[in-house]
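The following exercises concern a single protein chain. Each task is followed by a solution that proceeds step by step.

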Amino acid sequence: MLTKVNKMSKAPTASPVENKILHALKALFAKPQTSKQALILFTRLPIAGKTKTRLIPYLQEKGARDIHLALLQDFAKLYRNFHRKEKEVKLFLFFSSATANEIVEGAFDSGKKESNKEQEGRNEGIAEMKILRKLFPDAEFVPQEGEDIFRKMENAFLYTFQEGYSFSYLVGADIPFLSEDGFCKVFSAGRSGKNALGESLDGGYYGIGLQSRVEKSDLDKIFSPGKKRNGRKENMEQNSIEKSESAETEKQEVDIFEYTKTALYATGIPLLLLKKRRDIDDREDIAAYRQIIPYNKALQDSFIGREILRQAKISIIIPCYKEGDTLSKMEEQLRPYKKQAEILFADGGENHFSGEYKVVSCPKGRAKQMNSAAKEASGDILFFLHCDSILPKGFLEEIREALRKTPVACFGIRFKPSSPLMTICSFISNHRVYDRKVMFGDQGIFLGRELFFQMGGFPDLPLMEDYQFSLNLKSRGIPMGLCKKRLITSERRFSGSFFHKLLIMWKMNRLRARYRKGEEIDALAKEYRDIR
C-alpha cells in the first residue's frame, strides 16, 4: 500500500497547459465519477512522551498522552454515530510513528539487534496500536509518509484517490467540537462537487476536504505553503493538524489558513468554509475548554471534558489567624493529600506551622490573605477552606464533579457538635445557595482560577467578603452549585445557650441586611465579634 503513495508522490509534474488538456480529455471520455468517499483521521500514536508534547511541561508525559487518548475516544464515538447515517464513507487512519512500518505490519527484523530503549519503544507503539484498532475496528491503518506534515497530508489524499475515492476529508483528532451534523454537511458538499476547509483558532486548519479531480499541480500548491514566494522561505511546520515542536515564541511566517483557502479557490472548484474551531495543543487551550465545560452538556459527557477535569490541579488555600490547636489539626487532616493537591496557608499572623506546607505571609484580613495566596497558587482550581473545617472523604473528586456542571460551587455544611438549632442553621445555609445564590466562606468555595481573577478576587472588605463575592457572581449571572457531600464546620462562633445562639444568628442576619442597604462596612465590622 505504501508503494502506491511513494510512486504517486514522485510522479513528474505536467505543465499547466498539459494539465488543462488532460483534464478536458478526462472529462470528455471518463466514466461517471464514483461516489465513494473517505474520511481521513490524521494522528500520532498516543505514546507517552511522543504526543501532545507542548502539554508535557504542564501535564507530564502520561497526562499529555491521556489527553490525546481521550480525544481519540471521542472521535471514535463520533465516527460510530456518523457511520450509521453515512455507511458508504470509509475511514482511513493515517498515523505517525518512528516504527510505523513495523507496527502496521506487526513484524520487525528479527536479525537486528535492538537496544532496550528501542525494544521498549516498539513494544509501546504496538500496544498503543492495539488500542487504536479496538477504537477503530473498521478503519484501514496506513503509516504517514513524507518529509514534512504537508507532504504527509498530500500523500494521504493521493492514496485515497488512487483507491477510487471521489472525495476525501482529512481531519485531526484534537478538536473537541466536531459533530455528526458537521460531518454530514461536509460529505454532502463533497457529493455536490465542493471542496471544504475548516479554520482553527491558531490560524491553521483542522479539516480539509478535496475532490479527486483536483489537478496534481494544484494539489502541490495546496500543500506547499513553505516554498519560497516573494523572495522568502515560509515556515512549513505550523499547522493545526500537527504543530511544530519548536518553541511557542517562534513566529509563524505565513497564515496557513489564508494561504490554503486562496489555493483552493484557485482550483476553480466551489469551496465550503466550515465553522472556526479551537484545537487542544497547549495549556491555554486546556484552560479555555475547562471554562466551557459547565455550560456545554456535550463537553460535560465527553471523554475529553472528563479528562480535563480529572487532571485539573487543585490548590487548597486556608486563611488563618491565631488558630492555635485548630491549625495543627488542619495540617494533620491535609497530610494524606499533599501529593494530590497544592496546599497553601495564608498566614495573617500569630500562627505556628509545622514547616511541611507552603505558607504565604500576608496582612491580617481574610480577603487580603486569600487573594495573596491565590496569586501564589499554581492550581487550575482554587479551593478556599476555613481552618476549623473537617473535610469529607473524596472531597477532591467531589470538587471536580461539581465543576463539571457549574463554574463555581461549595460544599454543604453541618455543624459539630450538632443540635436541633444548628441543624436548622445548616439547612438554611445550604438552601441559600439554591434559593438566593449566596455562598458563605465556611462552606468551602471553589472555582477555576481564570474565573476567580476575572472577578477580581475577593472584595477587600474587613467583613462579608464571601457574601459580596457571591453577590458579584450573581450580578453576572454565573450559576453556583452545591456538593452532595457535607463539610463539617465548627460552631465556635455560636457559643452559649440556645437563646444566645439565636441572638447571634439574628445579629448576623441584620448586619447583612444593613450592608445591603449601604451602611459603612467598617462600622459594621466593629460590631462583628471576633472570638479568636
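**Exercise 1. Determine the strand order of the open sheet and identify the strands that stand at its edges.**

Step 1. In this predicted model, 7 strands form an open sheet with mixed pairing, in the order β10-β9-β8-β11-β13-β12-β14. Strands are DSSP runs of E with at least two residues, helices are runs of H or I with at least four, and both are numbered from the N terminus. Two strands count as paired if DSSP finds at least two bridges between them.

Step 2. β10 and β14 (480–490) each have a single partner strand, so one side of each has no neighbour in the sheet, and these two stand at the edges. From one strand to the next, the twist averages 25°.

Step 3. At the β10 edge, β9 and β10 run parallel and are joined by 4 bridges. Within this region, D347 stands opposite S361 in β10.

**Exercise 2. State which strands α18 lies across, and which residues of α14 are buried.**

Step 1. α18 lies across β12 (408–416), β13 (445–448) and β14, and runs at about 175° to β14. Axes here are lines fitted to C-alpha atoms, for helices over the stretch in contact, and angles between N-to-C directions run from 0 to 180 degrees.

Step 2. In helix α14 (residues 366–376), the buried residues are A367, Q369, M370, N371, A373 and A374. Buried means under 20% relative accessible area, exposed over 50%, and partly exposed in between, with a 1.4 Å probe and protein chains only.

Step 3. The cover over these α14 residues includes the strands β8 (314–320), β9 (342–347), β10 (358–361) and β11 (381–384), together with the helices α17 (449–454) and α18 (465–475). A contact means heavy atoms within 4.5 Å.

**Exercise 3. Which parts of the chain does the salt bridge between R290 and E450 tie together?**

Step 1. A salt bridge places a side-chain nitrogen of Lys or Arg within 4 Å of a carboxyl oxygen of Asp or Glu. By this rule the count is 29.

Step 2. R290 and E450 meet at 3.1 Å, N to O. R290 belongs to helix α10 (residues 283–292) and E450 to helix α17, so the pair ties together parts 160 residues apart in sequence. Both R290 and E450 are buried.

Step 3. A pair within one helix is R151 with E154, whose closest N and O atoms are 3.1 Å apart. These residues are 3 apart in helix α6 (residues 149–162), which means a separation of about one helical turn. R151 is buried at 13% relative accessible area, and E154 is buried at 3%.

Step 4. R278 and E284 also form a salt bridge, with closest N and O atoms 3.5 Å apart. R278 is partly exposed at 21%, whereas E284 is exposed at 57%.

Step 5. K62, R65, D66, E128, E307 and R310 are linked in a salt-bridge network.

**Exercise 4. Over which residues is the pLDDT below 50?**

Step 1. pLDDT is the predictor's confidence in each residue, from 0 to 100. The chain averages 84, and 80% of the residues score at least 70.

Step 2. The pLDDT falls below 50 over residues 1–11, a stretch with 18 contacts beyond near neighbours in sequence. It is also below 50 over residues 27–33, where there are 4 such contacts. Where pLDDT is low, the predicted coordinates should not be read in detail.

**Conventions.** Residues are numbered from 1 along each chain as its sequence is written, and side-chain values use heavy atoms, leaving out hydrogens and water. In this predicted model, local features need pLDDT of at least 70 and side-chain atom pairs count only at pLDDT 80 or more, while totals for chains, interfaces and linings use all residues.
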